Amino acid sequence: MAHVATPVAVATSMNGGLPVGTTVSAFLSLSMNPPMVLVSLDRGSETLELVTESRTFGLNILASDQHSAALKFATKNGLGKFHGVRWDIDHDLPRITGAAGWVACTVEQILEGGDHMIVLGNVVAAEQHDSDPLTYHRRTFGTHCALEMV
């Protein structure tokens, strides 16, 4: 699967007023009517535990200059991931400043998927910025580049 290019996002939730998050590359738009997304979270993830409890989550679709944030949120150490990262609260969820996109969701359903859980979310808010997205391909970060049409 390393040869499949994927977008990079940070799924977020709150823990008693403190932000938590984890890097994800398995997320996608699921439905336009109603607007829904799908995100896959590791069964051992603190973020999954909080998403399950709160029934809400945010998706911060990272911009191409946010690869250091992607690495920071990919670590297993739940405490301190937001240290040094600018963020705000949006729909009661942590929103990372400068992300290429933002999606706030309520949980519709959580399904088993091997060593991960698949979270289906109803989109309650979404916003995009004119910045290139961060992608992950062949174990390196990059971004999308449009091809010239001939």
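Visitor: In which sense do strand S4 and S5 pair?
Guide: This is a predicted model. Strand S4 covers residues 27–32. Over five bridges with S5, its pairing is antiparallel.

Visitor: How many residues does the hairpin from S4 to S5 pass through?
Guide: Met32 of the model stands opposite Pro35 in S5. A hairpin makes the link between S4 and S5. Its length is two residues.

Visitor: How many bridges join S5 to S10?
Guide: These strands run antiparallel. One bridge sets Ser40 against Ile118 in S10. The number joining S5 to S10 is seven.

Visitor: How many of the residues of S5 are buried?
Guide: S5 has eight residues and is mostly covered. Buried means under 20% relative accessible area. The number of S5 residues that are buried is six.

Visitor: Which residues touch the most other members of the largest nonpolar core?
Guide: This core has 16 residues. Strands S2 (9–15), S5 (35–42), S6 (56–61), S9 (101–113) and S10 (116–128), along with helix H1 (46–54), each supply at least two of them. The residues touching the most other members are Val24, Val39, Leu41, Phe57, Leu59 and Val119.

Visitor: How many residues are in the other core, which lies apart from it?
Guide: Among its members are Val10, Leu62, Ala69 and Ile96. The size of this other core is 10 residues.

Visitor: Is Gly121 buried or exposed?
Guide: Gly121 has its place in strand S10. It touches Pro35, Met36, Val37, Phe57, Cys105, Thr106 and Glu108, leaving aside residues up to four places away in sequence. Its relative accessible area is 0%, and buried means under 20%. So Gly121 is buried.

Visitor: What distance separates the C-alpha atoms of Gly121 and Ile110?
Guide: Along the chain, Gly121 and Ile110 are 11 residues apart. In space, their C-alpha atoms are separated by 8.9 Å.

Visitor: Which element gives the most to the lining of the largest pocket?
Guide: The pocket has a volume of about 810 Å³. Strand S3 (18–24), S5, H1, helix H2 (67–73) and strand S11 (135–137) each supply at least two lining residues. The top contribution is five residues, and the element giving them is S3.

Visitor: How many charged residues does the lining of the largest pocket have?
Guide: The lining counts 32 residues, with Thr23, Val24, Ser25, Ala74 and His116 nearest the pocket's centre. By class, 13 are nonpolar and 13 are polar. The number of charged residues is six.

Notes
Residues are numbered from 1 along each chain as its sequence is written. This is a predicted model: local features need pLDDT of at least 70, side-chain atom pairs count only at pLDDT 80 or more; totals for chains, interfaces and linings use all residues. Side-chain values use heavy atoms; hydrogens and water are left out. A nonpolar core is a set of buried Ala, Val, Leu, Ile, Met, Phe, Trp, Tyr and Cys residues joined through side-chain atoms within 4.5 Å. Buried means under 20% relative accessible area, exposed over 50%, partly exposed in between (1.4 Å probe, protein chains only). Helices (H or I, at least four residues) and strands (E, at least two) are DSSP runs, numbered from the N terminus. On a 1 Å grid over the protein atoms alone, a cavity is a set of points where a 1.4 Å probe fits but cannot get out, and a pocket is an open set with protein on both sides within 12 Å along at least five of seven lines; lining residues have an atom within 4 Å of a point. Grid points are joined across faces, edges and corners, and a volume is the space filled by probe spheres set on the points. Ala, Val, Leu, Ile, Met, Phe, Trp, Tyr, Cys and Pro count as nonpolar, Asp, Glu, Lys and Arg as charged, and the others, Gly among them, as polar. Contact means heavy atoms within 4.5 Å. Two strands pair if DSSP finds at least two bridges between them.
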